[in-house]
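Biologist: Before we use any technical word about this protein, could you show me the rule behind it?

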Amino acid sequence: PTSTVTVTPDSPVFTGETVNLKCVINSDHSNWRYEWYKDSVILQTSDRYTVNRDTLTIRGATESDQGQYWCKGQRDGRPNSSTFSSLSLSVKGLPTSTVTVTPDSPVFTGETVNLKCVINSDHSNWRSEWYKDSVILQTSERYTVNRDTLTIRGATESDQGQYWCKGQRDGRPNSSTSRSAVSLSVKDLKPKPELTSDPAGAALTGNTVTLTCRMDPSTGNWDSYWYKHTLNPETEKKKTNSYSLKIDSVSDGGQYWCRAGRGKPVYYTQYSDALWVNVTVSPKAVVTVRPDERVFRGETVTLRCDIKWGGDTEWTYRWEIEGTNNRYKNTVSRTSTQELNISGVDLSHRGKYTCTGQIHTQSSQRSDAVTLTVSAEAQASVRVSPQPWLTEGESVTLICEVSGSSKGWTFSWFRDHDHLSDSSRGAGGSYTLSPAALQHTGVYTCRAERGRPAYYTHNSSSQTLWITGVSASVSLVINPSRSQHFSSDSLSLSCEDQSNSAGWTVRRYTDKDTQTCAKRTGSGCVMDSLSTSDTGVYWCESESGEKRHPRNITVHDGEVILESSVDPVIEGETLTLHCLHRSTNSPILSADFYKDGSLIQNQTTGEMNITTVSKSHEGFYYCKTERGQSFHSWISVRGYFIHEHLMRYA
């Protein structure tokens with residue numbers, strides 16, 4: 001006969017259950033005795049293993065009871081035994097339950113605490129039993145259970161202890177085991193957060209201040225509530241523990257508080273101490289450039305970032321360059337010094353330079369952009385005021401300029417290639433001869449320099465000064481007697497010497513060359529039809545080469561000229577100016593008169609009189625009408641003493 005094993009309840013079984021294994025022998029014979037085996041080892045009866053006729057009972061099954069079970073029948077008579085087949089018994093542990101607590105322990109008196117029973121099982125319909133310190137908890141007003149959750153309202157210190165749960169259900173498995181208890185700690189004192197700011201101290205407009213509401217990490221997770229100016233809950237803002245405050249204006253400063261909260265209903269901590277955020281208007285950086293914003297290739301350039309700010313604060317600096325060359329486009333440079341030095345500047349350094357100052361995480365206002373312009377090379381030029389032809393005793397000024405640049409230059413002057421050491425005359429780019437003497441005649445050039453190491457311009461083109469001697473006995477007579485003339489008009493000039501006029505000749509210098517008057521009449525010169533090419537300086541020259549009485553003649557092909565004295569005006573006398581029209585050669589009824597570019601009079605008669613002339617009236621004059629504008633004429637004023645001296649000399 002064969003024997004088989006059946007199991008009740010069905011395998012798998014759970015730890016702690018009672019298991020019945022029954023030996024079924026397929027035989028018509030009776031009076032069988034039963035032997036039980038586990039994994040080929042015969043089982044002995046014990047407190048846990050008992051045999052009643054054909055049934056083996058295992059009480060309080062454990063995982064060690066897993067294995068292959070089989071039985072064998074024995075009897076007196078034939079047949080006296082059975083053959084067998086085995087049964088595999090699987091024993092599983094009961095589902096485990098764990099407890100989670102919200103909020104994290106420790107909690108504080110007055111908080112609402114939720115403990116949740118989590119059962120690691122695929123089965124459902126569990127009922128939770130709750131225990132504190134091994135005592136089963138009964139529901140009350142403060143202790144309520146909703147399915148898997150135990151809620152404790154208004155926690156007190158007496159609620160401290162070890163909490164664990166056990167699951168119960170109808171059906172197998174019908175219970176769970178507790179893996180471990182959770183310790184609930186209840187503190188009596190409400191916590192108080194610490195409020196800090198970064199950066200600490202004064203905040204600058206245009207920057208961001210980060211406020212942090214810091215709780216003791218051991219107290220768990222909290223939401224932060226923020227307050228400005230007042231502790232009114234209606235003004236509170238719920239945020240994370242960090243609050244980024246954008247400082248747009250001084251009004252963003254003031255008193256700030258925070259407190260923490262968690263749970264439903266919200267449990268609040270104490271308020272933090274008040275924190276004052278003091279806001280100061282951010283200073284604006286200023287960029288200065290040495291030697292100038294307009295520089296030349298090869299110069300050394302220094303850009304400096306200045307910030308007006310009280311105290312001993314150490315600024316760091318950030319330079320931004322928007323260049324015209326792709327290599328420097330949007331270049332950003334950081335340096336701890338105020339100055340950005342460029343040695344041997346070239347065209348690639350052109351662009352807009354700005355800077356900002358930084359204190360820790362805060363920045364100043366960005367400076368206005370400074371445009372650095374780099375030119376290929378520097379060229380000095382020289383001009384003369386009022387004119388390059390003059391008589392000894394008069395004044396003349398040579399002016400040296402650098403095209404497109406005026407800052408930081410010092411100047412050197414040369415006459416006939418010799419350096420002029422009287423630098424006081426060269427201050428500010430001007431070289432003045434007052435009074436001019438015969439030995440000052442010559443060819444003048446200038447050169448400019450600036451910076452360290454020195455950068456030099458090219459030498460200017462030359463400017464010739466002609467200084468002629470004073471002679472009351474020789475004079476250049478001009479008819480008509482004025483310095484400006486219309487083209488196509490006639491003009492006569494002659495040298496008159498009270499002792500011997502035959503020894504003098506009229507000479508002239510135009511933009512072409514120096515020449516003797518083409519149409520001569522004795523010592524004189526006649527021009528029947530003037531042209532603009534006749535504009536120049538005219539003088540009397542002796543057979544020995546002496547030059548006397550130079551005068552400027554200007555020929556205008558326009559409609560208007562200024563009639564003024566061709567000779568210097570004597571101090572104390574009256575200066576009369578007329579605005580003449582080509583068609584009439586008579587004063588125009590209405591004309592505006594200008595001196596050195598500024599309107600000085602408006603006359604309806606076309607005539608202007610200056611009585612009691614002084615040295616201050618010296619300058620360039622011109623007139624303007626609806627028909628046109630005259631050229632400029634230099635009016636020279638001679639002192640009365642010099643005039644008397646010349647008269648006595650004559």
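Modeller: Accessible areas come from the Shrake-Rupley method with a 1.4 Å probe, and for residues only the protein chains shown count as cover. By that method the accessible surface of the protein is about 33900 Å², of which 46% belongs to carbon and sulfur atoms. This is a predicted model, in which local features need pLDDT of at least 70 and side-chain atom pairs count only at pLDDT 80 or more, while totals for chains, interfaces and linings use all residues. Residues are numbered from 1 along each chain as its sequence is written, and side-chain values use heavy atoms, leaving out hydrogens and water.

Biologist: Why is the protein called more spread out than a compact globule?

Modeller: The globule rule is 2.2 Å times the number of residues to the power 0.38, and the radius of gyration is taken over C-alpha atoms. For 650 residues the rule gives 26 Å, whereas the radius of gyration of the protein is 58 Å, well over that value, so the protein is more spread out than a compact globule. Its C-alpha atoms fill a box of roughly 190 × 60 × 50 Å along the principal axes.

Biologist: What makes strand E63 (residues 591-595) mostly covered?

Modeller: A strand (E, at least two residues) is a DSSP run, numbered from the N terminus, and buried means under 20% relative accessible area, with a 1.4 Å probe and protein chains only. In E63, 5 of its 5 residues are buried, with Ala591, Phe593 and Lys595 on one side and Asp592 and Tyr594 on the other.

Biologist: How do you know that E63 and strand E64 (residues 598-603) pair?

Modeller: Two strands pair if DSSP finds at least two bridges between them; E63 and E64 have 5 bridges, in the antiparallel sense.

Methods
Buried < 20%, exposed > 50% of the residue type's maximum accessible area, 1.4 Å probe, protein only. Helix = DSSP H or I, 4+ residues; strand = E, 2+ residues; numbered from the N terminus.
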